[in-house]
Amino acid sequence: VVDSRPVMASMAAMALQKTLAVRPTPEEEVKVLEVEKEILKLCQVLGAQGSLRRMGAFYLGVPERNAELDLVFVLPEGSATQPAELLEKLQNALPKAIRSFPQGSLNAPGLRWRASHARHVQLFLAKEEKPNPSTPAPSAIPPSLAALYAHEVSSQILASVPSQEVFQDLLRVVKHWAKRRGLYGNLFGFFDGTTWALCCARVCQLHPKAVLHDLLQFFFALLGRSDWSSPIALDTGDSLAPTVPMVPGTLMQLPGNVYGPARAAHYEVSESVMRVVQRELRRAEQKRVPELWAEHQFFSRHRHYIRFDFMASSDEILEKWWAWGQQQLPELLHIFESQLDSKVSLRPWPSSLIFKDESWSHTKAVFIGLHIQRAEQKCTLDLREIMVKFLERISAWPEAEAHQKQFELMIRAVSSQEMQSWLRDQGSPGVKALEHEVMSPSRKDGYGPAMAATA
């Protein structure tokens, strides 16, 4: 029996070095502080007093270079200003900002915009409230407390692990693996950073004295062998934290805290996404170490694809249109599964690709790979009914009338050869990041049937 631990230790160290290489530089951290000062000053000018707290990767200590900065501005208890009131004032002061859309089961008021130094900022708003012990825990967290709840969850994660430094290293390496294997992102219901952080924190709790490469093996063993019949949850040591019954099918559970009860950590995960995640976890557990980090060749792996081109006349309209589209994409998978699950397997890609178009100045494309089940006789896969149902849902965009003829969605059936040709024509250097800027395709590309949702 060959001991693979030395090799695993070496590969884990190399992966960690790659993730550390993309950490924000000291100069970038200074710029982040400047952005935070600008936001605090703006809120004060608008008559709001409060505190600004970091969220997400920046709060957990694992940000990457040029990552979006997630913040929550907290109004003190007793403040005459309400989050909704401050949101309106900020919207007027930042006309290019767009409203934040609900993320999973949390719905916090907020704005997203490109701040100074070209950094995207997502600012949530919340107001402190003392919990009433005599009041039962609500099944839904009020919007005014949602961001505080999310911030507290991150605090609980950091407080619950034996070593924050070891946890952060494990999370960096797992994120690196998940991105290379096409599992990291918030499209189609894939797992986001908080969900992966929960998994890493639980592994650290179960193996408090383990070193990084052993934790990585434990991580894949725990998740790869799980039947997901019960959700993965942190041990926070708080037996008094409020709870509500978990929705059937919950995979990972956010801990309860003073701002709200325990709840699912993710969108409702479709069967297609769950199969992809489970397959990759089992692959990671079984594969030899060098193959563990192999990049998923999504754009050459499938014979057939569906490409969704979201387009708009301005960055602001595209962000709004794209935010609405992200909420509808998971439902598309459910429609597929209800009608063609026995005939086709889906492999969604969890990140978008930016491209340029002759007619539209602002664009994003997303993709689904199709694997058609073999049959004794050749058959035609008719997707028109599915796409019509999806178009009916996405065409109900509440802001469609306000932006008539300023946005569009093109849905195309694309073969593997056509996909490769499209990428080459655009001069794409390779699909390796979450978003890429590539050159302009022709609108007369003839890449199979296209359906449009346009106003």
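**Exercise 1.** How many of the five residues of strand E10 (residues 344-348) are buried? State also how E10 pairs with strand E11.

*Solution.* The model is predicted: local features require pLDDT of at least 70 and side-chain atom pairs pLDDT 80 or more, whereas totals for chains, interfaces and linings use all residues. Residues are numbered from 1 along each chain as its sequence is written, and side-chain values use heavy atoms, with hydrogens and water left out.

Step 1. Buried denotes under 20% relative accessible area, exposed over 50%, and partly exposed the range in between, with a 1.4 Å probe and protein chains only. Helices (H or I, at least four residues) and strands (E, at least two) are DSSP runs numbered from the N terminus.

Step 2. In E10, four of the five residues are buried, so the strand is largely enclosed by the rest of the structure.

Step 3. Two strands pair if DSSP finds at least two bridges between them. E10 and E11 (residues 362-372) are antiparallel and share five bridges; Ser345, for instance, has His371 in E11 as its bridge partner.

**Exercise 2.** Describe the order of the five-stranded open sheet and the place of strand E2 in it.

*Solution.* Step 1. The order of this open sheet is E1-E2-E5-E4-E3, with mixed pairing. Its edges are strand E1 (51-54) and strand E3 (98-99), each of which pairs on one side only.

Step 2. E1 and E2 (residues 69-75) run antiparallel and are joined by four bridges. Val72 of E2 is the bridge partner of Arg53, and Phe73 of E2 is that of Leu52.

Step 3. The pairing of E2 with E5 is parallel and extends over seven bridges. Here Leu69 stands opposite Val121 of E5.

Step 4. Side chains in a regular strand alternate between the two faces of the sheet. In E2, Leu69, Leu71, Phe73 and Leu75 point one way, while Asp70, Val72 and Val74 point the other way.

Step 5. Seven of the seven residues of E2 are buried, so the rest of the structure largely encloses this strand.

**Exercise 3.** Which residues of helix H2 are buried, and what do they pack against?

*Solution.* Step 1. The expected span of a helix is 1.5 Å times one less than its number of residues. For the 20 residues of H2 (residues 26-45) this gives 28 Å, which agrees with the 29 Å between its end C-alpha atoms.

Step 2. Glu28, Val32, Val35, Glu36, Ile39 and Cys43 are the buried residues of H2. Viewed down the axis, they fall within an arc of 95°, so they line one face of the helix; the arc is that of the directions from the helix axis to the C-beta atoms.

Step 3. Pro26, Glu27, Lys37, Lys41 and Val45, on the other side of H2, are exposed.

Step 4. The buried residues pack against E1, helix H3 (56-60), E2, helix H4 (83-93), strand E4 (110-114) and strand E5 (120-127), where contact means heavy atoms within 4.5 Å.

Step 5. Just after H2, Gly47 has a positive phi of about 90°.

**Exercise 4.** How many aromatic pairs does the structure hold? Examine two of them and the charges placed over rings.

*Solution.* Step 1. Rings of Phe, Tyr and Trp (its six-membered ring) pair if their centres lie within 6.5 Å; planes under 30 degrees apart count as stacked, over 60 as edge-to-face and the rest as tilted. The structure holds 18 such pairs.

Step 2. Phe298 and Phe299 are edge-to-face, at 4.9 Å centre to centre and 90° between the planes. Phe298 has a relative accessible area of 0% and is buried; Phe299, at 8%, is buried as well.

Step 3. Trp321 and Trp397 have ring centres 5.1 Å apart and planes at 40°, so their pair is tilted. The pair links distant parts of the chain, 76 residues apart: Trp321 lies in helix H12 (residues 315-340), and Trp397 in the loop between helix H13 (384-394) and strand E12 (407-415). Both Trp321 and Trp397 are buried.

Step 4. A cluster linked by ring pairs contains Phe298, Phe299, Tyr305, Trp349, Phe355, Phe367 and Trp422.

Step 5. A charge sits over a ring if NZ of Lys or CZ of Arg is within 6 Å of the ring centre and within 35 degrees of the ring normal. The charged end of Arg307 sits over the ring of Trp422, 4.2 Å from its centre, and that of Lys179 over the ring of Tyr184, 5.1 Å from its centre.
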